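Work through the exercises below with the sequence and the coordinates open. Each task is followed by a solution in steps.

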Amino acid sequence: MRKREKSKMRSNSKFQSPACTEDRISGLPDEILCHILSFLPTVQAVRTTILSHRWNHVWASVPNIDLCDNLEEFDQERFAGLVDHVLYSRGNSSIHRFRLHTKYMAELPWLDDWICTAITHNVVELDVDLARDSFSSEPFELPRSLYMCKTLVVLKLKLPSIITFAPHSDCFPSLKFLHVNVACPDAADSMGKLFTCCPVLEDLTIEAEPDGGSVLNVNISAPQLKRLRMNVFLCIIGEYYDYKTFIHANTPNLEKFSFDGNVLAVFSSKNAKSLKIAKNNFEGLHAGSDAAELLHRHFAGIGNVEYLGVSAPIFGDPRIVYRYRLPMLNNLKHLVLLFQSCCSWQSLINFLNASPNLESLTFNKHNKDELVHEWTPPESVPICLLSHLKTVRMQRFRRQPDEMKVAEYLLKHSEVLDYMIFCTRATYLREEKKLWDEVQKFPRVSQTCKIMFPKVCTENF
């Protein structure tokens with residue numbers, strides 16, 4: 001009896017084993033298979049045809065096309081053939097996102113045809129990168145059919161040369177997100193046309209790598225623009241330069257502006273009342289002869305912000321710090337400062353004096369040279385300390401004498417301060433306790449102020 005039961009069990013297990021290897025994925029509906037394949041590069045999606053006949057045409061209905069010639073197996077001819085095959089195998093299927101990254105720009109006469117094909121398939125997101133491992137002094141002309149595409153919402157362009165652009169009054173009727181990366185943005189007029197004909201544009205990112213000249217003018221006119229980001233890094237290393245970027249904006253609904261680069265930027269706007277957040281990262285910026293005047297103009301252009309982030313060694317340059325005067329930042333409530341040079345504390349005083357309604361202050365004195373700099377208190381207490389400042393966060397606090405004096409001054413004069421937060425690098429509990437004991441001895445004018453030493457501190461800029 002037992003032998004027959006064991007024999008029956010073995011036969012059942014053999015009978016059930018094929019079920020364990022059943023291709024359940026191929027049995028899923030086309031909609032689910034397309035969704036799965038949409039997460040793969042198109043080359044890999046096409047290769048699923050070897051799995052079974054069930055997969056032969058599934059990939060052609062995937063809404064996203066992601067083509068990149070970074071694989072060694074693709075030369076120019078094979079890559080062009082792949083793109084043709086993918087596009088012309090779709091039938092009437094719509095394309096949601098078309099991503100094309102290639103280094104064969106000059107040798108691809110079919111590029112316009114590919115973009116036009118994507119447009120006829122109601123493309124929503126278009127991402128074209130022609131700048132990889134290539135350089136061309138020839139202007140790149142956008143296909144005219146792209147201007148009138150009614151379904152295009154997101155456009156990303158990375159080009160090795162300038163854009164030639166012939167705008168129309170009804171260009172890009174649905175475009176809300178535009179990201180442009182140009183290696184040599186020398187044709188400012190042509191670029192400006194692109195940034196002034198998008199009636200519903202909400203998000204604009206401009207990346208530029210100038211390789212010469214002295215000035216880059218960027219004109220932006222977008223009535224619905226809410227977010228503007230600019231990255232400008234001059235391609236000159238190891239030399240003194242005095243390069244400037246002037247941003248002229250007609251953007252009445254702009255809410256957030258950020259600039260990151262190694263050149264001086266000057267932002268001006270006809271109407272910036274909606275601007276609430278501005279972040280400025282001027283890394284490696286040199287102090288030119290007119291830097292003080294231009295800095296004043298820049299901060300006047302963003303003077304209505306409620307949140308301001310500034311990282312710039314130039315603000316600690318002794319040739320600048322005592323010459324420039326900030327405009328009044330009456331709406332500013334949250335200030336984040338990153339200092340990196342010798343006269344940083346004077347810059348802190350300048351910002352405090354210009355921000356009478358400041359509620360939150362975060363600063364990080366990051367001295368790469370490990371020097372200790374003197375703190376000289378202002379002649380009169382800044383207004384914000386007497387009436388509005390509630391939170392102070394000192395990042396990378398190292399108990400240096402100048403830092404201790406600044407902390408003592410702020411505790412002594414901030415009448416409505418609620419939190420004094422020290423983000424330290426103390427590695428041992430006894431070091432933190434020693435710092436705690438020293439800070440507790442500082443006089444505090446605010447009876448509600450709490451001193452805190454958080455275990456985890458985030459670098460917020």
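How many aromatic pairs does a search of the whole structure find? The model is a predicted one, and the search returns 11 aromatic pairs.

**Exercise 1. Describe the pair formed by Phe259 and Phe282, and place it in the chain.**

Step 1. Take the geometry. The ring centres of Phe259 and Phe282 are 5.6 Å apart, with 45° between the planes, and the pair is tilted. The class follows because planes under 30 degrees apart count as stacked and those over 60 as edge-to-face, the rest being tilted.

Step 2. Locate the two residues. Phe259 belongs to strand β12 (residues 256-261) and Phe282 to strand β14 (residues 277-282). The pair links distant parts of the chain, 23 residues apart.

Step 3. Check the burial. Phe259 and Phe282 are both buried.

Step 4. Look for a cluster elsewhere. Trp345, Phe363, Trp375 and Tyr409 are linked by ring pairs into a cluster.

**Exercise 2. Give the setting of Ser258.**

Step 1. Ser258 lies in strand β12.

Step 2. The relative accessible area of Ser258 is 15%. Ser258 therefore counts as buried, because the limit for that class is under 20%.

Step 3. Leave out the neighbours within four places in sequence. The contacts of Ser258 are then Leu228, Arg229, Met230 and Lys279. Arg229, one of these contacts, returns in the next exercise.

**Exercise 3. Which salt bridges do Arg227 and Arg229 form with Asp203?**

Step 1. Start from the total: the whole structure holds six salt bridges. Side chains of opposite charge can pair when their charged atoms come close.

Step 2. Arg227 pairs with Asp203, with 2.7 Å between the closest N and O atoms. Arg227 is in strand β10 (residues 227-232) and Asp203 in strand β8 (residues 203-208), so this bridge links distant parts of the chain, 24 residues apart.

Step 3. Arg229 also meets Asp203 in a salt bridge, at 2.4 Å from N to O. Here again the pair links strand β10 to strand β8, across 26 residues.

Step 4. Compare the accessibility classes. Asp203 is buried at 9% relative accessible area. Arg227 is partly exposed at 25%, and Arg229 is partly exposed at 32%.

**Exercise 4. Analyse the salt bridge of Arg99 and Asp127.**

Step 1. The closest N and O atoms of Arg99 and Asp127 are 4.0 Å apart. The pair is accepted because the cut-off is within 4 Å.

Step 2. Arg99 sits in strand β2 (residues 97-101) and Asp127 in strand β3 (residues 125-129), so the bridge ties together parts that are 28 residues apart in sequence.

Step 3. Arg99 has a relative accessible area of 24% and is partly exposed. Asp127, at 17%, counts as buried.

Step 4. Extend the picture to shared partners. Asp66, Arg99 and Asp127 are joined into one network by salt bridges.

**Exercise 5. How many disulfides does a search of the whole structure find, and what is the nearest cysteine sulfur to that of Cys171?**

Step 1. A disulfide is a covalent bond between the sulfur atoms of two cysteines. The search finds zero disulfides.

Step 2. Cys171 is in no disulfide, and its nearest cysteine sulfur, that of Cys197, is 4.4 Å away. The pair fails because the sulfur atoms must be within 2.5 Å.

Step 3. Cys171 is buried at 0% relative accessibility. Cys116 is partly exposed at 27%.

**Exercise 6. Where does Glu141 lie, and is Glu141 buried or partly exposed?**

Step 1. Glu141 is in strand β4 (residues 140-141).

Step 2. With 44% relative accessibility, Glu141 counts as partly exposed.

Step 3. Glu141 and Asp112 are 29 residues apart in sequence, while their C-alpha atoms are 9.3 Å apart in space.

**Exercise 7. Summarise the chain as a whole.**

Step 1. The secondary structure consists of 13 helices and 20 strands.

Step 2. The chain has 461 residues, of which 47% count as buried.

Step 3. Among contacts with a separation of 6 or more, 72% are between residues 24 or more positions apart.

Step 4. The accessible surface is about 23100 Å², and carbon and sulfur atoms account for 52% of that surface.

Technical notes:
Residues numbered from 1 in each chain as written. Predicted model: local features only at pLDDT ≥ 70, side-chain atom pairs only at ≥ 80, totals over all residues. Heavy atoms only, no water. Helix = DSSP H or I, 4+ residues; strand = E, 2+ residues; numbered from the N terminus. Buried < 20%, exposed > 50% of the residue type's maximum accessible area, 1.4 Å probe, protein only. Contact = heavy atoms within 4.5 Å. Areas by Shrake-Rupley, 256 points an atom, 1.4 Å probe, with all protein chains shown as cover. Salt bridge = Lys/Arg side-chain N within 4 Å of Asp/Glu carboxyl O. Phe/Tyr/Trp six-rings, centres within 6.5 Å; stacked < 30°, edge-to-face > 60°.
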